[in-house]
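Hi everyone, thanks for making time. I'll walk you through one structure today, and I'd like you to keep it open while I talk.

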Protein chains: 6
Amino acid sequence: MGELADTIGKLKKVSTATIATCLFKKGLKNQFIQEVKPLKPGKPTMVGEAFTLRYIPAREDLNPIEVFKNPRHLQRVAVEECPKGAVLVIDSRKDARAASAGSILATRLMVRGVAGMVTDGGFRDSAEIADLDMPSYHHRPSAPTNLTLHQAIAVNEPIACGDVAVFPEDIIVGDDDGVMVIPAHLADEVANECLDITLFEAFVIQQVQNGKSIVGLYPLTDAAVQKEFEAWKGQNSKSS
Amino acid sequence: MGELADTIGKLKKVSTATIATCLFKKGLKNQFIQEVKPLKPGKPTMVGEAFTLRYIPAREDLNPIEVFKNPRHLQRVAVEECPKGAVLVIDSRKDARAASAGSILATRLMVRGVAGMVTDGGFRDSAEIADLDMPSYHHRPSAPTNLTLHQAIAVNEPIACGDVAVFPEDIIVGDDDGVMVIPAHLADEVANECLDITLFEAFVIQQVQNGKSIVGLYPLTDAAVQKEFEAWKGQNSKSS
Amino acid sequence: MGELADTIGKLKKVSTATIATCLFKKGLKNQFIQEVKPLKPGKPTMVGEAFTLRYIPAREDLNPIEVFKNPRHLQRVAVEECPKGAVLVIDSRKDARAASAGSILATRLMVRGVAGMVTDGGFRDSAEIADLDMPSYHHRPSAPTNLTLHQAIAVNEPIACGDVAVFPEDIIVGDDDGVMVIPAHLADEVANECLDITLFEAFVIQQVQNGKSIVGLYPLTDAAVQKEFEAWKGQNSKSS
Amino acid sequence: MGELADTIGKLKKVSTATIATCLFKKGLKNQFIQEVKPLKPGKPTMVGEAFTLRYIPAREDLNPIEVFKNPRHLQRVAVEECPKGAVLVIDSRKDARAASAGSILATRLMVRGVAGMVTDGGFRDSAEIADLDMPSYHHRPSAPTNLTLHQAIAVNEPIACGDVAVFPEDIIVGDDDGVMVIPAHLADEVANECLDITLFEAFVIQQVQNGKSIVGLYPLTDAAVQKEFEAWKGQNSKSS
Amino acid sequence: MGELADTIGKLKKVSTATIATCLFKKGLKNQFIQEVKPLKPGKPTMVGEAFTLRYIPAREDLNPIEVFKNPRHLQRVAVEECPKGAVLVIDSRKDARAASAGSILATRLMVRGVAGMVTDGGFRDSAEIADLDMPSYHHRPSAPTNLTLHQAIAVNEPIACGDVAVFPEDIIVGDDDGVMVIPAHLADEVANECLDITLFEAFVIQQVQNGKSIVGLYPLTDAAVQKEFEAWKGQNSKSS
Amino acid sequence: MGELADTIGKLKKVSTATIATCLFKKGLKNQFIQEVKPLKPGKPTMVGEAFTLRYIPAREDLNPIEVFKNPRHLQRVAVEECPKGAVLVIDSRKDARAASAGSILATRLMVRGVAGMVTDGGFRDSAEIADLDMPSYHHRPSAPTNLTLHQAIAVNEPIACGDVAVFPEDIIVGDDDGVMVIPAHLADEVANECLDITLFEAFVIQQVQNGKSIVGLYPLTDAAVQKEFEAWKGQNSKSS
């Protein structure tokens, strides 16, 4: 199994909250895409490399409906070229007054094996997209065609999405809390650290459910609890 | 079957996204009521003529709880006079800090055969309204009585709702993406065009699910695909 | 049964909308916490005395991850000291860009018998918190650790939450519409009045479902309907 | 001198802050038009009866540039019919992305003897309007023609302006703090009370400048200071 | 005189309001950069070709203070390469919480002969920049260094600025109302049409100041007034 | 001269922009109070220790106008107890819909020798406060009395102001860009470093005005320029 696939496999087992804390410790405090949510909560965790699409405001003369007849229209290019396993991340300037994309393009992405899609704007045909076998994240549903307010201007450049910098090949992770952006060079390190934290947090939750106070337990400062955890870990780490 | 009923029947089969694109082509780019959502997604598409209610900010001396004892209080007038089959659209100035209405009025509207209700503010008793057999759209739930911030000032005037102009008798269509406003004189034309587009999009989605690229297909610029569509249409248009 | 428990028992049967109208009549028009919603709708009504936690913006040097090792860190103090049956209300300055708390602390609160928690920011691990057997309210999910933007600075002081003043021991009531704050000295009076209104509204809804106009009925100004209600009340008040 | 002219004369001598406190005491807490400011501070206080203009969002087909050729276009009607001495108050739905009016209409209003104009949107040609011999208030300058986003739909109806209800003939008062709306029936009473408060505040400021503590002085609870004030008033009230 | 210089010369005589109306007639309704204002009003009209700089959110590890030691840091590249006579337009994602630039870079731009600068964020050292002999436009002053929130990522790409598309070489015009963006290919046509409108508006203002109604005059629909204007134009057009 | 006075003396000579960069280097990136501005630009730099006042939302029954008769009302306590030379910083929850204070209290603060005042809300009587011989900062003018929306709840606690943590005795510095908060323990170190940077920036501006490129100069990476600066510093540092 390749290294990236391995990292992705690990990240599928951890939460965006855990990743956020891990990156916080490394001095990266602004990697959570603000104000986006899953179109349908409860799907498996979305993980993949970022492939980006940048929109600027639509100028009316450049954005009649006919532009879509151009097979090289950048929105369609993005949909056809986003790599299998990647996540399409769209910079919609946090403007959900018109759609970033709709169900036909989303279906095409799904069929092509794309891991998910994220916009800091909105998607149209949101009920259909929600039901696809691919996770998607946006700010809110939006019926108007993207030409109303957005012009696709560049593919796979560094972009802003929800007040976060997204560079191509950063690792994008999404769950019900929202979407985190992990800088490419840190992804494997973060994945490993987060697996460990996730294991510890499973122990903590179990202890808390059993009536334990969080003092000394979370964070772990009590040596006796440390020992208990080591024992518990021996029994549980294989299964995670 | 009357003409309006016919138009409404067609619009029940199309999506707000399709209507938005259709109106975009006609130069109408601002007909999507911004920032409203269904209280309960997944209901049948809401379609009906607009019947409007306009609120202004409540002045304390004019809005004690006693005003509701007046049988001609305009909020209640709107609820009793909104025609069967129409949609009550409320201009709440995008202010959801107090309710636009609650479950008793909503139930009365439903019993009277009203097709749905929309506010760019919020409804109270939102769980009860969500469960009614009538679709409703708002920005977010809001417990305070409407007198807290809203005074009903006029019935069936042209209003603003969610940054869109709504004229009485415009056709209002709502689905899970939100709510579109179709100018009355365009409604039948839009309904017909949207039925056609909807048929085509069903074909496109099927093709995409089968692995077809969107290039040449959406929009349809490839002559061979055009032929396929014509054949498909022969088989499928009756059923739609 | 103690007086507070009695009041709480009554308030569990009434809605935030009813409470809002009751307080409106008493001149209190700003007791609805704005812009918060339940992590999972449909839970039983949350009722309890307010126990507060105040955050200020995090200064980086005062908020490294190590601060949590301090067993007297105020966030943890709040979680361990919030009384059984109380509601933890957090002043997060309406800033949901980082979490107010996560699932471990929420689980600890639940295990300790706390009645619920409210923040005008966001919770992380929101899917887990939603599934707890304790209601929680926030603005939106937020993965980043609270240290990113929040420093716990005081426990059980008067605070602002969602533009509402919350004093320790005020009674907090939450349902699907959101959260109301009842001043402590009014709680029993409000509970009693709301029980009466709730009974009346059940009657009204039944009448409206049977096709009755709201004029004369809601509010009740028609003497004949008044009589019907008295009769109905005789039959129904025991069961409520 | 007529009664209205007399009231207006008094109100020219008092501040919007004093009026706000006076109305607060009468239970009117929401009469300050939010988020508007003078185009040029330092002009004499603006006072006049409200004459209103209501905008709704512009629908493209109804708002080509040609509509202005209609001499009954409501924006122009408002400008030609706003009475001498009145204040034109425009409901622009707090949307300053396009202008509410420009310098030609403003100049016409000035020449016609109008006392001022207020929008909760923006004016274009703002430098020219600022230099007119008539006060104007808006949110911010905005170059686009009003047809871009606004359609004049009604003249002299009750409106919302900056989250305040404005009824025709309410008295509008503007100074550097912004704009207050006094309900018509209270105007003379408010004018008289404010003149008294203004006199008292002049005394207080003088005392404070002389080193007096505000305790006992503001509000006046110290009997000795009360006497001083009575003496001071005898000397100063004529001149005010 | 070159063609561009000629166009620029004409545009210096017209207002952004006039340009906005001219572009509105051509179907371009979104060319006004929203929410920016001059640091010092009253300067001569700013006109020049757009030279753009694009920021994305700053990631902490990529933006320590040391990055400025790199002579190819893109912010400095933009400042050194922005052509004489051009306007530097910065896409700061409407985020003024940190500065887009400060007085040293602004002074360098001025010395290099740049015509002005615009950001939809904020400038630091705003008092010094205001006093330079070069116009600048921003949302509000902001002391923090741009590295706090912004990373310069590209020079002279198409960008968004204040919700408007800005393409390199578009013509930027700024006065006290704010900033308009004229598509490059329309600039000379717009300049000529605006000169004509400006002349007409000077006539209108004069007429209005003389007591003329706007009906028939603005827009000009009265044949007699048309003649007067022709005569007036003969006398005044040379001097404009 | 005492140590604090010495630090304050130095800080009066430096800008908020310079302080922001200095704190950025130390890892403090969020010390600029967002969205406040001077009531009158161009006053000398405001410097002083923070003395804080915290507001929560006003509950109507606790905030009738009579509360001011209580000499221990906390707003008045703050005004009478804020130390000479300190800056009164008010947490108004970024809500400028009602005033944080007015000209009488401001005048009292000035007479008492207070160095300035800051609110993240608004002041009333803003023209009078602007003209005082004491700098003040707010979001925007606001006529309504503070009781409308604010209740003073605590004096000299740690607070939030404009999204920044302010601890009593932090050093507050304000100029035309806005207001910086320097943690108390860093104040003298920051003052010294900023004096040095200020001297260097004066050299840079002079060089840039003389036509020098910023490359190698700002930041200083060119050894020859380093030498020039050393020489220049010898000549200029005394006078600064």
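Let me start with a small puzzle: where in chain B is the place of B:Pro219? It's in the loop between helix H6 (187–209) and helix H7 (223–236) of chain B. When I say helix or strand, I mean DSSP runs, H or I of at least four residues for helices and E of at least two for strands, numbered from the N terminus. The bond leading into that proline is worth a look: from B:Tyr218 to B:Pro219 the peptide is cis, with omega near 5 degrees. Over in chain C, a cis peptide bond joins C:Tyr218 and C:Pro219, with omega about 5 degrees. And C:Pro219 sits in the loop between H6 and helix H7 (223–236) of chain C.

Some housekeeping before we go on. This is a predicted model, where local features need pLDDT of at least 70 and side-chain atom pairs count only at pLDDT 80 or more, while totals for chains, interfaces and linings use all residues. Residues are numbered from 1 along each chain as its sequence is written, chains are lettered from A and ligands numbered from 1 in the order in which they are written, and side-chain values use heavy atoms, with hydrogens and water left out.

Okay, on to chain C and its partners. Let's take chain A to begin with. Here 31 residues of chain C are in contact with 28 residues of chain A, contact meaning heavy atoms within 4.5 Å. How much area is buried between chain C and chain A? About 2,400 Å², and carbon and sulfur atoms give 66% of that. Buried area, by the way, is the accessible area (1.4 Å probe) that two parts lose on being put together, summed over both.

What about charges? The rule finds one salt bridge across the interface of chain C and chain A, and the rule asks for a side-chain nitrogen of Lys or Arg within 4 Å of a carboxyl oxygen of Asp or Glu. The partners are C:Arg140 and A:Glu35, with their closest N and O atoms 3.4 Å apart. There are also twelve residue pairs in polar contact between the two chains, both residues at pLDDT 80 or more. A polar contact is a pair of N or O atoms within 3.5 Å; within protein, one must be able to donate a hydrogen and the other to accept it, and residues adjacent in sequence count only if both atoms are side-chain atoms.

Which helices of chain C do the touching? Helix H3 (74–81), helix H4 (103–111) and helix H5 (126–131) each supply at least two residues of the side that touches chain A. H4(C) gives the largest share, six residues. By class, that side of chain C has 15 nonpolar, seven polar and nine charged residues. For the classes, Ala, Val, Leu, Ile, Met, Phe, Trp, Tyr, Cys and Pro count as nonpolar, Asp, Glu, Lys and Arg as charged, and the others, Gly among them, as polar.

Stay with A:Glu35 for a second. It has a positive phi of about 65 degrees although it isn't a glycine, and A:Glu35 lies in the loop between strand S1 (32–33) and S2 of chain A.

Now turn to chain B. This contact takes 28 residues from chain C and 31 residues from chain B. Chain C and chain B bury about 2,400 Å² between them, 66% of it on carbon and sulfur atoms. C:Phe24, C:Asp177 and C:Ile214 supply 24% of the area that chain C buries here, more than any other three residues. One salt bridge turns up across this interface: C:Glu35 pairs with B:Arg140, closest N and O atoms 3.4 Å apart. Polar contacts come to twelve residue pairs, both at pLDDT 80 or more. Helix H2 (16–25) and helix H6 (187–209) of chain C each supply at least two residues of this side, and H2(C) gives the most, with seven.

And chain D? No contact joins chain C and chain D, and their closest C-alpha atoms lie 10 Å apart.

Last stop, salt bridges overall. A search of the whole structure finds 91 of them over all chains. One of them joins the side chains of A:Asp131 and A:Lys40 (2.5 Å, N to O). That pair links distant parts of the chain: A:Asp131 is in helix H5 (residues 126–131) and A:Lys40 in the loop between strand S2 (37–38) and strand S3 (46–57), 91 residues apart.
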